[in-house]
Amino acid sequence: MGVSTPETPDEAAGPGGATGHDETYTQGHPDHGVTYHLQDGVAVIELDRPEAGNALDRTTKHGLLAAVRRVAAEGDAVRAVLLTARGKAFCVGQDLKEHARALEERPASAFATVTDEYNPLVLALRALPQPVVVAVEGACVGAGLGLALCADVRVVAAGARFATAFTGIGLAADTGLSASLTEAVGPSRAAGLFLLGDRFGSDEALNWGLAHRVVPDGTAAAEGRALAGRLAQGPTLAYAQVKRLLWEAPGAATADVLDREAAAQAALGATHDHRAAVRSFLDRDRPAFEGR
């Protein structure tokens with residue numbers, strides 16, 4: 001993937017800009033950040049710090065947030081999102097070298113990264129109405145696992161390996177993992193993964209419902225791109241409503257769930273996509289969804 005002139009995260013987060021070309025969010029050198037590429041309705045956000053296992057330092061976190069905000073700014077031009085990474089690891093979590101320096105130099109604010117950087121990133125990812133696909137190769141640990149669980153569809157390489165990792169350094173959880181991992185694998189298994197710190201692989205991820213597809217090593221990004229392309233051709237308005245319903249359902253009363261579903265169906269029933277798809281079905285034709 002090509003690289004254009006570097007931008008700071010604040011500059012890159014703004015609206016506008018052409019599509020169908022590469023954008024990169026970096027501070028400093030080109031191998032230290034995140035790349036953004038939009039083509040054929042698919043926004044590809046790629047962690048681009050392979051020499052550090054795509055560990056999340058401040059620059060990378062800001063770059064990720066800028067890229068997600070860019071997706072929101074693109075509006076209807078983005079119909080699906082792929083989150084992926086360069087190198088042998090998807091993401092090994094927080095950059096502990098940077099964290100150690102923060103503990104030494106500014107201990108009172110060392111954990112501001114959770115509220116100031118991780119939390120806005122997770123909220124922004126979860127708020128995207130477009131379907132989000134993540135492609136995981138290699139290590140997916142700690143906050144990296146938290147980011148992967150922000151996606152709607154997870155494509156996992158056979159050799160991928162996962163761990164919560166937080167208790168191993170005397171911490172609990174962030175990036176929403178206490179909720180998202182519990183939703184994905186159940187409360188009992190999630191408790192064991194946090195407390196025991198056990199690693200698990202792609203087979204467990206698939207069997208537990210955390211992964212949707214397991215593919216040969218080295219092919220996760222390509223498979224993820226294909227799935228994102230397929231979703232980009234689909235009923236994006238319906239996808240957005242499905243995401244909202246799933247997000248709001250946990251803990252809701254049955255009556256509230258039914259009311260929300262009824263409202264979503266009524267809204268979608270008035271769209272061009274629904275009416276055209278019904279006509280196509282009756283005509284035994286394949287529907288073409290336009291997102292309107």
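Mentor: Helices here are DSSP runs (H or I) of at least four residues, strands are DSSP runs (E) of at least two, and both are numbered from the N terminus. The model is predicted. With that, we can place threonine 175 in the loop between β8 and α6.

Trainee: Is threonine 175 buried or exposed?
Mentor: Buried means under 20% relative accessible area. Threonine 175 has a relative accessible area of 2%. Therefore threonine 175 is buried.

Trainee: What phi does threonine 175 have?
Mentor: Threonine 175 is not a glycine. Its phi is nevertheless positive, at about 55°.

Trainee: How many helices and strands does the protein chain come to?
Mentor: The chain holds 292 residues, and buried ones make up 46% of them. Its secondary structure comes to 12 helices and 10 strands.

Trainee: What share of contacts in the protein chain joins residues at least 24 apart?
Mentor: Take the contacts between residues at least 6 apart in sequence. Of these, the share that joins residues at least 24 apart is 64%.

Trainee: Which residues of helix α6 are buried?
Mentor: Helix α6 spans residues 177–185. On the other side from its buried residues, Ser178 and Glu183 are exposed. The buried ones are Leu177, Ser180, Leu181, Ala184 and Val185.

Trainee: Within what arc do the buried residues of α6 fall?
Mentor: Look down the axis of α6. The buried residues line one face of the helix, because they fall within an arc of 105°.

Trainee: What covers the buried residues of α6?
Mentor: Other helices contribute to the cover. It includes α4, α5 (143–148) and α7 (187–195).

Trainee: How are α6 and α7 placed to each other?
Mentor: Two packed helices are described by the angle between their axes and the distance between the axes. For α6 and α7 the angle is about 130°, and the axes are 7 Å apart. The crossing is right-handed. By their angle, α6 and α7 are therefore oblique.

Trainee: Which residues of α7 make the contact with α6?
Mentor: From α6 come Leu177, Ser178, Leu181, Thr182 and Val185. Just after α6, glycine 186 takes a positive phi of about 95°. On the α7 side, the contact is made by Pro187, Arg189, Ala190, Leu193 and Phe194.

Trainee: How are α2 and α4 placed to each other?
Mentor: The axes of helix α2 (residues 58–74) and α4 come within 9 Å. They cross at roughly 30°, and the crossing is left-handed. Angles under 35 degrees count as roughly parallel. Therefore α2 and α4 are roughly parallel.

Trainee: Which residues is leucine 125 in contact with, leaving aside its neighbours within four places in sequence?
Mentor: Leucine 125 sits in helix α4 (residues 112–127), and is one of the α4 residues in the contact with α2. It is buried, with a relative accessible area of 5%. Beyond its neighbours within four places, leucine 125 is in contact with Val68, Leu147 and Cys150.

Trainee: What separates the C-alpha atoms of leucine 125 and valine 71?
Mentor: Along the chain, the two are 54 residues apart. In space, their C-alpha atoms are separated by 9.7 Å.

Trainee: How are the rings of phenylalanine 162 and phenylalanine 200 paired?
Mentor: There are 2 aromatic pairs. In this one, the ring centres are 5.2 Å apart and the planes lie at 15°. Planes under 30 degrees apart count as stacked. So the pair is stacked.

Trainee: Which strands does that pair link?
Mentor: The two residues are 38 residues apart, in distant parts of the chain. Phenylalanine 162 and phenylalanine 200 are both buried. Phenylalanine 162 lies in strand β8 (residues 161–163) and phenylalanine 200 in strand β9 (residues 200–201), so the strands linked are β8 and β9.

Trainee: Which residues form one aromatic cluster?
Mentor: The rings of phenylalanine 200 and tryptophan 208 have centres 5.1 Å apart and planes at 45°, so that pair is tilted. Tryptophan 208 is partly exposed, at 21%. The cluster is formed by Phe162, Phe200 and Trp208.

Trainee: How far apart in space are isoleucine 169 and leucine 96?
Mentor: Isoleucine 169 lies in the loop between β8 and α6, and is partly exposed at 48% relative accessibility. Isoleucine 169 and leucine 96 are 73 residues apart in sequence. C-alpha to C-alpha, they are apart by 10.0 Å.

Trainee: Is arginine 284 buried or exposed?
Mentor: Arginine 284 is found in the segment after α12 (272–282). Its phi is positive, near 55°. With a relative accessible area of 82%, arginine 284 is exposed.

Conventions. Residues numbered from 1 in each chain as written. Predicted model: local features only at pLDDT ≥ 70, side-chain atom pairs only at ≥ 80, totals over all residues. Heavy atoms only, no water. Phe/Tyr/Trp six-rings, centres within 6.5 Å; stacked < 30°, edge-to-face > 60°. Buried < 20%, exposed > 50% of the residue type's maximum accessible area, 1.4 Å probe, protein only. Contact = heavy atoms within 4.5 Å. Arc of directions from axis to C-beta. Axes fitted to C-alpha atoms, helices over the stretch in contact; angles between N-to-C directions. Parallel < 35°, antiparallel > 145°, perpendicular 65-115°, else oblique. Left-handed = near helix turned anticlockwise from the far one by under 90°.
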